[in-house]
Amino acid sequence: MSDQRRLLTRGSVVLRPDPTRVIAKLFLPGQELVASGVSRADAVIARALAIPEDEVDALLADIVDRFGGRHHDLPAVFDEHCAMISHHLPDGAEPSEGRRRLIGAYCTQEFAVEAAALFNPSMVRHPDQSGLPDGALRYAMSVRAVGEGHVSSIEFRTGVITAEGVTVDDPGRRMVTGRAAPAEMNRDRLRDALSLDHDDADAADPVLRLLRTSFSATRIEDAVADARHQGFTGAANDAVVERIRRIARGHYRLEFPAGPPLSERVIYPTGESERQGMEDARFTLFTADDGTRSYVGTYTAFDGREISPRLIRTDDFSCFEISPLIGPAATNKGMALFPRTVGGRHLALSRWDRESITLATSPDGHRWDIGPIVQRPTQPWELIQLGNCGPPIETPAGWLVLTHGVGAVRTYGIGALLLDLDDPTTLIGALPEPLLTADADERDGYVPNVVYSCGALVHGDRLVLPYGCSDSSIRIATVDLPALLDRLTA
């Protein structure tokens, strides 16, 4: 173990959850019905409408004074939330601007996105490298933040890697969420998803043939209406339509306003499949066959009962496109994408069997089929299960893959293996012992004895490895890359 540890140096940076970082989200005062059949939301809004007009502005000013410094443009948030619940306003009600904002305030709550934990980071090269000294690199790092109810969101941090070490920028305090909108969809991919979901592709053909090859999700309702006009009715067809809608709801765009820095943007659960959390994003800078580059990643959507892998793509960390991943290899946590195609195929690492590292293949980056197992748990520190710790990293010696293994007392360790560049099914070498295990001051937390990463970054001769400690905080280590590769090829 001591021989392995000389490869790695722990840094002094520790990122801990900060409960003062909050978002303002919609809040409806109770969905339950009282005996009269009127919801609590209606009753609360009625009471807000009854506040004397000469008191409205003073109440609103006090609220903005107490909470405005924690948010970007809080009055605009109140306006948006009032518009979202406007169907609860009585017929004919025309409240003043101030009263509308006050109603919006009563329908708003703060949510501390990282109140419980901050962990499982993924690090990539930042799209903006301007203004840096020679030899420095700016990075963008996604992190998993956990708030009330164990709801996970995706946050970001930025910083700089220099010869002296790794720094992290002040993340700021006024967080913003993106605005969701329907995304463009592909008809053939929708057909694929339906074929894997109760084999509904043929049954859905009356709707699918009315859609263009590329279409907006908003077009689905028009196609459904046209199909029903042509006789596409009945309980079985209604069930097919509902599955089409469910798949479509998993495709959306998320746009952030200009101005707030990356570290103040939070991707909060939007789709129904992720309403209980968006977990463990793994980003990589992907180079397409035509040379274009974009940031792509995977995360695990959790609805409270089931998990499902999702694809997230962005060019600039301001606008994100989110869509489901489908296929037999996309059925568990922890998929990690290769940063380019290999032999004309998209590749990923999958743990579809819940314990081994498997190569998954895809013609388009959306539907994933099961390939060969590249590593099974064999060493004592990984006997329970193996998985990746982020996307493979291309080096002259091969694809460097950081792994996580789970051993006795559910103790996690981070290991490493090397795969052949041209044939990643070929294992060149693997460390027999973990590269990193929890130190004494890292083993206690929300989930004890865990060290885990969702993606490292190479800069020069160093592998910069951010990692979560016991699902509670984040630290950053550096690894001597030439020495590690020598070990893996020996």
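This report describes a group of helices and several buried residues in the structure above. The model is predicted.

## Helices H3, H4 and H5

Helix H3 covers residues 53-67, and helix H5 covers residues 97-106. The two helices pack with their axes 9 Å apart, at an angle of about 50°. H3 and H5 are therefore oblique to each other. The crossing in which H3 passes H5 is left-handed. On the side of H3, the contact is made by Glu53, Val56, Asp57, Leu59, Leu60 and Ile63. On the side of H5, Gly98, Arg99, Arg101, Leu102 and Ala105 take part. By character, the residues of this contact divide into 6 nonpolar, 1 polar and 4 charged.

Which residues of H5 are buried? They are Gly98, Arg99, Leu102, Ile103, Gly104 and Ala105. These buried residues of H5 pack against helix H2 (40-49), H3, H4 and E3.

Helix H4 spans residues 74-84, and its buried residues are Leu74, Val77, Phe78, His81 and Cys82. Viewed down the axis of H4, these residues fall within an arc of 135°, so they line one face of the helix. The partners against which the buried residues of H4 pack are strand E2 (22-26), H3, H5 and strand E3 (108-112).

## Buried residues in loops

Three residues in loops are considered next. Asn332 is located in the loop between strand E17 (319-324) and strand E18 (336-337). Asn332 has a relative accessible area of 12% and is buried, because buried means under 20%. Leaving aside neighbours within four places in sequence, Asn332 is in contact with Ile307, Pro309, Arg351, Trp352 and Arg354.

Asn449 belongs to the loop between strand E27 (436-437) and strand E28 (451-452). Although Asn449 is not a glycine, its phi is positive, at about 65°. With 13% relative accessibility, Asn449 counts as buried.

Ser470 occupies a place in the loop between strand E30 (462-469) and strand E31 (473-480). Its phi is near 50°, a positive value in a residue other than glycine. Ser470 counts as buried at 0% relative accessibility.

## Buried residues in strands

Where does Gly413 lie? Gly413 is part of strand E25, which comprises residues 412-419. Between the C-alpha atoms of Gly413 and Glu433 the separation is 8.7 Å, and the two residues are 20 residues apart along the chain. Not counting residues up to four places away in sequence, Gly413 touches Trp381, Thr403, His404, Gly405, Pro434, Leu436, Thr437 and Val451.

Leu400 is found in strand E24, residues 398-406. Along the chain, Leu400 and Leu481 are 81 residues apart, while their C-alpha atoms are separated by 9.9 Å. With neighbours within four places in sequence left aside, Leu400 is in contact with a number of residues, including Pro391, Pro392, Ile393 and Thr395. Also among its contacts are Ala416, Leu417, Leu418, Leu463, Leu481, Leu484 and Leu488.

## Accessibility of the individual residues

The table lists the relative accessibility of the residues discussed.

| Residue | Relative accessibility |
|---|---|
| Asn332 | 12% |
| Asn449 | 13% |
| Ser470 | 0% |
| Gly413 | 3% |
| Leu400 | 0% |

Gly413 and Leu400 also count as buried, at 3% and 0% respectively.

Definitions and conventions:
Residues numbered from 1 in each chain as written. Predicted model: local features only at pLDDT ≥ 70, side-chain atom pairs only at ≥ 80, totals over all residues. Heavy atoms only, no water. Helix = DSSP H or I, 4+ residues; strand = E, 2+ residues; numbered from the N terminus. Buried < 20%, exposed > 50% of the residue type's maximum accessible area, 1.4 Å probe, protein only. Contact = heavy atoms within 4.5 Å. Axes fitted to C-alpha atoms, helices over the stretch in contact; angles between N-to-C directions. Parallel < 35°, antiparallel > 145°, perpendicular 65-115°, else oblique. Left-handed = near helix turned anticlockwise from the far one by under 90°. Nonpolar A, V, L, I, M, F, W, Y, C, P; charged D, E, K, R; others polar. Arc of directions from axis to C-beta.
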